[in-house]
Amino acid sequence: MLDIQLLRAQPEEVAAALLHRGVTLDAAAFSALEARRKEVQTRTQQLQAQRNSLSKQIGQLKARGEDASAVMTEVNAVAGQLQENEAALAQILQEVEALVSTLPNLAHESVPVGKDETANVEVSRWGEPRTFDFEARDHVDVGAALGLDFALAAKLSGARFAVMRGEVARLHRALAQFMLDTHTREHGYTEVYVPYLVSEASMYGTGQLPKFEEDLFSVRHGDGRLLMIPTAEVPVTNFLRGEMVDAQQLPLKFVAHTPCFRSEAGAYGRDTRGMIRQHQFDKVELVRIEHPDNSWAALEELTGHAETILRKLELPYRKLLLCTGDMGFSAAKTYDLEVWLPGQAAYREISSCSNCVDFQARRMQARAKTADGRKVLLHTLNGSGLAVGRTLVAVLENYQQADGSVRIPEALRPWMGGVEVIGKP
RNA sequence: GGAAACGUGGCCGAGAGGUCGAAGGCACUCCCCUGCUAAGGGAGCAUACCGGCAUAAACCGGUAUCGAGGGUUCGAAUCCCUCCGUUUCCGCCA
């Protein structure tokens, strides 16, 4: 949620900034709505003050056993007007709320302005894409012999699901364990296990609702419903919803391994082959809750932690700074990590690391009490460390060998029981 | 699934139609006293909005907020209804 005070004070400036994010805010209309709000609210409060003072008189008269009927008629007249004003005010407040809750976060000043992914800025590259002395296949072909089965998944559930058997299933599991252990042992994150189904309130807190309903799967539950998490960011960040933490306890650093569920409603026809874009995929997610003063340094650190996984696995990647038009709803600044996929001869997103500053914290009223007794909104950050399915894809494609087998990256071998190669004919 | 209880400020907790934004305690901030690892005294200490104001803070006045939303009433933290959440007991169950 944007700071409503900022919107009120500088609607034009906010509208201009939102334009870079691809959102049109009619600043004049907003100001007009706010002016009406103010007017109706002032009138309402005057009437309330009137009513309160008349009520007080009635109480005093009655206490003295005197007749209060004259004041009663007066107060009834006020009450009529008051009811109208209160209803009007409630309506306006709702309109304002509905408008503001669908506005994305403002980009940090260091974020390049741009319309779409073509304006993203490459920050750095690491590793050399391997040259093959045979024709590199994509992960679908490489994986088929190792137990990666899309046809079976299609029979069970339809498109955009995968079944893994045997060595691929183990490799997938090993990758997740490797990531978790690295982040807990070397980077100081606390491992958490969380619900995969969450309430609407939680989805609202991190910004998936009310605007991105169509991206989510939901399940009926009693008379209501629960929503399936599109990322562990949702349950983990919502740890702090409505909480007041002692600033001295910061930062809080969490890592969670969960499945993620996305309807991919807007992605018809995109990445239909293989497991790049699935309705269900595993991800190891990093979440940090920071003091506002430290969140920008924390973003760099968190991104570095995600990069560490790629480096240990010796997977070539590049780091992008997303432009204003390509960032997610809640983010103020985002780095994407893209891993090299020989099967596509392209870099593909494998991690996205964002600082949401106080945007999510304001939605969920997550605050910290500082040493001098002040209360501040927390800053929240999250990043994939990494998407497990896509990491599997990257390993299969980058480590494939001419005979159809796949070498296991050295750093991963302890999690594979020492196995060095899978799929040896 | 059945039954019951409960939801008050950063925390604990009182209040049971008006004098309550809310006793008391803890924590915190400032001041004083004292001095040695702690104690004593005083003051302050929820949020949002509206207005006063020089449309900066502070300050002053007003309004709303005691899980959420409705209702009763001149007046609701307090009574009624619905919902949400938590806890306990019973049943069931991995």
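Biologist: Which backbone oxygen lies 2.6 Å from a polar atom of the side chain of Thr391?

Modeller: In this predicted model, the oxygen belongs to Ala387, and a polar atom of the Thr391 side chain lies 2.6 Å from that backbone oxygen. Thr391 itself is part of helix α12, which covers residues 388-398.

Biologist: Is Thr391 buried or exposed?

Modeller: A residue counts as buried when its relative accessible area is under 20%. Thr391 has a value of 0%, so it is buried. Leaving aside residues up to four places away in sequence, Thr391 touches Leu175, Met179, Leu313, Leu315, Ile350 and Leu386.

Biologist: Let's move to the sheets. What is the order of the strands in the open sheet of 8 strands?

Modeller: Read across the sheet, the order is β1-β11-β12-β13-β16-β10-β9-β4, and the pairing is mixed. The strands at its edges are β1 (121-126) and β4 (190-192), each of which pairs on one side only. Ignoring direction, neighbouring strands in this sheet are turned by 25° against each other on average.

Biologist: Which strands of the sheet does α12 touch?

Modeller: Helix α12 packs on the sheet and touches β10, β12 (333-341), β13 (346-355) and β16 (379-387). The direction of α12 makes about 35° with that of β16.

Biologist: How many bridges join β9 to β10?

Modeller: There are 10 bridges between β9 (residues 252-261) and β10 (residues 280-290), and the two strands run antiparallel. To follow one pairing by eye, start at Leu252 and look for its bridge partner in β10, Ile289.

Biologist: I would like to look at a residue in β16 as well. Is Thr380 buried or exposed?

Modeller: Thr380 sits in strand β16. Its relative accessibility is 2%, so Thr380 counts as buried. The Thr380 side chain also makes a polar contact of 2.6 Å with the side chain of Gln360. Not counting residues up to four places away in sequence, the residues that Thr380 touches include Thr237, Arg288, Ile289 and Ser354.

Biologist: And the open sheet of 3 strands: which strands stand at its edges?

Modeller: This sheet has the order β8-β14-β15, again with mixed pairing. β8 (244-246) and β15 (375-377) stand at the edges; each has a single partner strand, so one side of each is left without a neighbour in the sheet. From one strand to the next, the twist averages 35°. Strand β14 (residues 367-369) pairs with β15 over 3 bridges in the antiparallel sense, and in β15 the bridge partner of Arg367 is Leu377.

Biologist: Now for helices. What describes two packed helices?

Modeller: Two values do the job: the angle between the axes and the distance between them. Try it on α3 (residues 27-63) and α4 (residues 69-100), which pack at about 150° with their axes 8 Å apart. Angles over 145 degrees count as roughly antiparallel, and α3 and α4 are therefore roughly antiparallel to each other. Their crossing is left-handed.

Biologist: At what angle do α2 and α3 cross?

Modeller: The axes of α2 (residues 11-20) and α3 cross at roughly 140° and come within 9 Å. That angle makes α2 oblique to α3. The crossing of α2 and α3 is right-handed.

Biologist: Which residues make the contact between α2 and α3?

Modeller: On α2, find Pro11, Glu12 and Ala15; on α3, find Ala27, Phe30 and Ser31.

Technical notes. Residues are numbered from 1 along each chain as its sequence is written. Chains are lettered from A and ligands numbered from 1 in the order in which they are written. This is a predicted model: local features need pLDDT of at least 70, side-chain atom pairs count only at pLDDT 80 or more; totals for chains, interfaces and linings use all residues. Side-chain values use heavy atoms; hydrogens and water are left out. Helices (H or I, at least four residues) and strands (E, at least two) are DSSP runs, numbered from the N terminus. Buried means under 20% relative accessible area, exposed over 50%, partly exposed in between (1.4 Å probe, protein chains only). A polar contact is a pair of N or O atoms within 3.5 Å; within protein, one must be able to donate a hydrogen and the other to accept it, and residues adjacent in sequence count only if both atoms are side-chain atoms. Contact means heavy atoms within 4.5 Å. Two strands pair if DSSP finds at least two bridges between them. Axes are lines fitted to C-alpha atoms, for helices over the stretch in contact, and angles run from 0 to 180 degrees between N-to-C directions. Angles under 35 degrees count as roughly parallel, over 145 as roughly antiparallel, 65 to 115 as roughly perpendicular and the rest as oblique. A crossing is left-handed if the near helix is turned anticlockwise from the far one by less than a right angle, and right-handed if clockwise.
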